[in-house]
Amino acid sequence: MNERIIDFLECSKYAFSESVKKIKKSYILFISLIVRSIFEGMKGLSILNSSYLASLINYLIEILILCFVAQALRSIVLYNNTGKKSIENSISNFFYLIMSAMFSIYIVELIFDNLLGGLNPTIAYTLKILFKFFTSAVIELVYIDSVYGFTILIDSFNFVKNNLFIWGIYALIYTLVEAFLINKIVLNTLVFGNEFIFVMLLAVWETSFLLFKGHLYKILSKHSYGQRKFMRG
């Protein structure tokens, strides 16, 4: 158990220190996440979800925004630059990957909505949070490993399951805080001052945590627990 705690601390230290060193280069990521936070609030308006066409437009807009998020993350986490020079390639680099991943998630969420329709709202909400928890490695699988399709859901589930003690703790914190802030944005969509505060909080939270998750994913996916233990001597 002591070795597991040491491993948790060492991996956390690595991910945190790398994230702090690169935070100054994350302004494009931050701007992209502000746009995404605003979009999350807009999705809460019933007028934007009132038809199949509106839902399809929302789906495409979210894919486009995530393309820029993924490109910025790849530039910072993998190549240690801001992504300023490669931002114009965001859509061409990631549109298919993001669309494929989002479609897989959308299908599962649709099945969930149909199956959970008659359940207690609290239970249904808890199960949806659990699904987000086990798909918490999707964005990293996209921009680091270029995984796509329904395979990405299986890979994310296996990654979270295999790294439950380290990734699982942070993924749970990230998922719960993100859900809380998105809910606050939706509830305050028509109250500009309050909405602005929560939009900025969500953008800051996601910028910091996505950088942290990216570096944590790198070390956990590259080296197994046994390898990390051996490297520590």
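Aromatic pairs number 15 in this structure, which is a predicted model. A pair of aromatic rings is described by the distance of the centres and the angle of the planes. Here are two of the pairs to look up in the viewer:

| Pair | Distance of ring centres | Angle of planes | Class |
|---|---|---|---|
| W167 and Y217 | 6.2 Å | 75 degrees | edge-to-face |
| W205 and F209 | 4.7 Å | 40 degrees | tilted |

The W167 and Y217 pair links distant parts of the chain, 50 residues apart, with W167 in helix α8 and Y217 in helix α9 (residues 192-222). Both W167 and Y217 are buried.

The W205 and F209 pair belongs to helix α9, where four residues, or about one helical turn, separate the two. W205 is partly exposed, at 21% relative accessible area, whereas F209 is buried, at 11%. Both also join F8, F165, Y170, Y174 and F212 in one aromatic cluster.

Charged side chains meet rings too. K213 sits over the face of Y174, 4.7 Å from the ring centre, and R4 sits over the face of Y225, 3.7 Å from the ring centre.

Now to helix α5. With 14 residues (121-134) at 1.5 Å each, α5 should span 20 Å, and its end C-alpha atoms are indeed 20 Å apart. At its start, a side-chain oxygen of N120 comes within 2.8 Å of the backbone nitrogen of T122. A124, I129, F131 and F133 are buried in α5, and the buried residues of this helix pack against α4 (90-116), α7 (151-162) and α8 (167-187).

As for cysteines, C11 is buried at 2% relative accessible area and C67 is buried at 0%. Zero disulfides turn up in a search of the whole structure.

Technical notes. Residues are numbered from 1 along each chain as its sequence is written. This is a predicted model: local features need pLDDT of at least 70, side-chain atom pairs count only at pLDDT 80 or more; totals for chains, interfaces and linings use all residues. Side-chain values use heavy atoms; hydrogens and water are left out. The expected span of a helix is 1.5 Å times one less than its number of residues. Buried means under 20% relative accessible area, exposed over 50%, partly exposed in between (1.4 Å probe, protein chains only). Contact means heavy atoms within 4.5 Å. A polar contact is a pair of N or O atoms within 3.5 Å; within protein, one must be able to donate a hydrogen and the other to accept it, and residues adjacent in sequence count only if both atoms are side-chain atoms. A disulfide is a pair of cysteine sulfur atoms within 2.5 Å. Rings of Phe, Tyr and Trp (its six-membered ring) pair if their centres lie within 6.5 Å; planes under 30 degrees apart count as stacked, over 60 as edge-to-face and the rest as tilted. A charge sits over a ring if NZ of Lys or CZ of Arg is within 6 Å of the ring centre and within 35 degrees of the ring normal.
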